[in-house]
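Here are a few exercises to work through with the model open. Try each one yourself, then check the solution below it.

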There are 2 protein chains.
Amino acid sequence: MVEFGQETIGKALNLVKAVTPARPSNPLYAYIYLEGTGEDLVVRTASAEVDAEVRIPAPGLAFSPLLVPPVFLRAVEAASGPKVRLAVEEGRIVVSSGTWEAVVNTAEPEGYPAWPDTGGGTELTIGAKELLRALGAVRYAASKDAWRSVFRGVLLEFVEEGLRAVASDGYRMAIYDTDIVVPSAGQILLPVSGADEAVRLLKGADGEAALTLHKGFITLTADTGEFEASLVVRLLEGEYPDYRRAIPTEFPTTVVLDKEGLAKAIRRVSALSSPKDHRVDVVFDGESRLATLVAEGDYGRATDAIRAGIAGPALRQAYDHRYLLDAIEPVEGEVVLHISGTFTPTVIEPANGGGYRAVVVPLRV
Amino acid sequence: MVEFGQETIGKALNLVKAVTPARPSNPLYAYIYLEGTGEDLVVRTASAEVDAEVRIPAPGLAFSPLLVPPVFLRAVEAASGPKVRLAVEEGRIVVSSGTWEAVVNTAEPEGYPAWPDTGGGTELTIGAKELLRALGAVRYAASKDAWRSVFRGVLLEFVEEGLRAVASDGYRMAIYDTDIVVPSAGQILLPVSGADEAVRLLKGADGEAALTLHKGFITLTADTGEFEASLVVRLLEGEYPDYRRAIPTEFPTTVVLDKEGLAKAIRRVSALSSPKDHRVDVVFDGESRLATLVAEGDYGRATDAIRAGIAGPALRQAYDHRYLLDAIEPVEGEVVLHISGTFTPTVIEPANGGGYRAVVVPLRV
């Protein structure tokens with residue numbers, strides 16, 4: 001029997017539980033793998049794309065690998081804290097705390113996917129927070145649809161200037177340039193589920209994380225101070241299109257706006273935009289220093305206007321309001337719209353610099 | 001053009017918007033009725049069971065009845081406040097505030113259900129808060145299923161001791177005895193949607209509400225201080241079973257428990273109960289002064305224990321944990337379980353009195 005801080009074990013289990021798929025392709029993926037090594041409690045979850053593992057210090061807790069149903073997580077959550085006791089009795093896991101006791105049935109671990117051999121590979125030490133910002137900022141732009149599988153991934157590119165994250169669905173794109181200097185050159189393509197799980201892991205991480213590149217998969221390991229957490233993310237295959245060609249380089253009109261004001265105005269007028277094309281028109285007028293947003297649908301028309309610093313010729317642009325809102329979301333403070341033309345992509349970035357950039361294709365009007 | 005406080009008109013619209021059905025049987029029910037009487041802005045929504053109306057003072061706003069799509073509500077919400085202007089221009093409603101303007105298309109009001117003639121009827125003046133408590137406390141026990149339509153209603157009974165509210169689904173029952181003294185005798189049966197809408201209306205009401213009984217429907221009118229709100233609720237037909245026969249009168253064992261402690265224990269152990277019968281067993285032991293809760297399902301077993309004052313023989317009862325939790329929910333502080341037997345109903349009420357009582361049938365074990 002070993003005692004854990006409820007908060008610690010709760011945090012560790014929360015980290016791995018998101019991996020467990022709701023409708024698993026392999027029924028064993030519905031289970032959670034537990035092992036007591038004598039030094040650590042190992043908790044592992046698996047899916048087709050991502051495996052996650054936490055190792056919580058538990059000196060003296062030694063038991064052979066076994067599988068528990070997801071209700072094990074609820075049995076730990078339900079404990080009244082601040083301490084939770086864990087024991088293996090007659091092949092069952094006993095979770096107890098004060099008056100609370102749950103005896104959870106277990107299953108044999110046979111057939112459960114093995115943690116891959118993580119020896120070899122190229123190991124990089126990177127700032128956890130910077131990688132978190134990069135994945136968190138671009139992830140929205142990846143495609144939810146299946147039509148082109150590479151667009152359902154987040155590209156990590158090892159370029160001279162630093163590690164770069166890119167995501168796109170073919171209509172919009174997000175790029176984040178980190179200051180993580182990396183020796184290796186090349187690209188890897190993470191499935192979106194892997195990027196999401198990495199974001200969860202990195203949120204709890206302090207300082208540095210270890211990213212190791214293998215053939216076909218990566219591992220990401222971070223120490224939260226209370227326990228160690230690792231991911232295995234199986235990489236997507238396929239050639240990512242040359243996204244650089246989609247980024248315009250000349251911008252006749254440049255607009256500076258308050259991000260929160262713009263977001264609010266988009267949300268407001270979009271209430272009356274057509275659900276068919278989600279179109280919102282934006283009229284930029286340098287003389288009045290106003291950006292006027294107009295949405296029109298079957299039920300009527302809405303307009304709102306916000307202050308804007310406008311350099312260059314006046315323009316009327318049409319955007320999918322969802323794409324515009326997504327693109328400015330990672331920006332804080334003032335946002336800059338670099339407008340290349342009415343039918344060519346607009347580049348969006350924070351006025352105060354930082355590694356984030358978005359590219360949005362306007363709607364054809 | 002008339003100006004409204006955004007908070008006032010927002011509150012008024014919120015009150016009526018819940019009535020608008022998601023999938024209306026009559027397509028006109030999807031619309032909102034507006035009228036400017038010269039004194040008030042009248043806003044009305046309708047469904048098969050409930051019509052709702054608010055009258056917001058708007059001197060000088062005069063326009064003929066018209067219908068607007070639900071996006072009108074969003075156009076008012078989107079305004080930046082603190083004032084919202086409303087005007088009718090060329091047959092369209094213009095909602096504006098600062099830089100914000102929405103022009104909402106309208107439709108002819110022909111065919112929209114007329115507000116019933118509310119003359120005549122028996123008018124009762126009742127405390128809004130007490131009626132709110134009564135409907136709010138019993139509403140959960142009404143049936144969501146269609147098998148017996150009277151159980152999909154909330155019974156209001158005019159008895160000598162005061163107005164009583166009753167709801168049941170045949171397996172459990174909730175009763176609330178108000179101190180509202182009423183002259184009239186008899187019963188009326190509100191559809192659950194009508195009870196819910198009445199709860200919404202009464203939440204914003206101060207002091208007294210007017211309840212008028214008509215043949216086939218009731219009206220409920222309350223003044224919020226800022227506007228007047230009214231409901232027409234069409235009554236359910238059918239004879240309500242004699243619920244008094246389901247209330248036992250002899251209780252060999254009586255148990256007093258802390259409500260929050262019991263609720264927490266039920267929630268915890270239910271994590272491991274079988275999703276087939278939602279069974280939780282409760283063992284009452286007067287000697288140890290403990291109530292021990294046990295749930296067992298395919299994945300294991302959970303137990304928890306809480307302090308209990310127990311008078312009478314020790315017992316083991318089995319309940320559907322959802323029914324037990326619902327029944328104690330309206331209770332604050334200590335809850336009393338009057339146990340008539342293992343297979344006969346348990347009566348639950350607050351230890352400190354008040355008009356609430358619940359009757360729960362144990363599971364057959």
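**Exercise 1.** Is A:D196 buried, partly exposed or exposed? Work this out, then find its salt-bridge partner.

Solution. This is a predicted model, so stick to the computed values.
- Step 1: buried needs under 20% relative accessible area, and exposed needs over 50%.
- Step 2: A:D196 has 23% relative accessibility, so A:D196 counts as partly exposed.
- Step 3: the side chain of A:D196 meets that of A:R139 in a salt bridge, 2.5 Å from N to O.
- Step 4: the pair ties together distant parts of the chain, 57 residues apart: A:D196 sits in helix 4 of chain A, while A:R139 lies in the loop between helix 3 and strand 10.
- Step 5: A:R139 is partly exposed too, at 25% relative accessible area.

**Exercise 2.** Compare the burial of A:E260 with that of A:K259.

Solution.
- Step 1: the two side chains form a salt bridge, at 3.6 Å from N to O.
- Step 2: A:E260 has 47% relative accessibility and counts as partly exposed.
- Step 3: A:K259 has 6%, so A:K259 counts as buried.

**Exercise 3.** Which residue does B:E53 bridge to?

Solution.
- Step 1: the partner is B:R44, with the closest N and O atoms 2.8 Å apart.
- Step 2: B:E53 and B:R44 are both buried.
- Step 3: over in chain A, a salt-bridge network links A:D40, A:R44, A:E53 and A:R55.

**Exercise 4.** Work out how the two copies are related.

Solution.
- Step 1: chain B superposes on chain A by a rotation of 180° with 0.0 Å of shift along the axis, at an RMSD of 0.0 Å.
- Step 2: the copies are therefore related as by a two-fold rotation axis.
- Step 3: both copies use the same surface, as 100% of the contact residues of chain B recur in chain A.

Conventions:
Residues numbered from 1 in each chain as written. Chains lettered and ligands numbered in written order. Predicted model: local features only at pLDDT ≥ 70, side-chain atom pairs only at ≥ 80, totals over all residues. Heavy atoms only, no water. Least-squares fit on C-alpha atoms with pLDDT ≥ 70 in both. Contact = heavy atoms within 4.5 Å. Salt bridge = Lys/Arg side-chain N within 4 Å of Asp/Glu carboxyl O. Helix = DSSP H or I, 4+ residues; strand = E, 2+ residues; numbered from the N terminus. Buried < 20%, exposed > 50% of the residue type's maximum accessible area, 1.4 Å probe, protein only.
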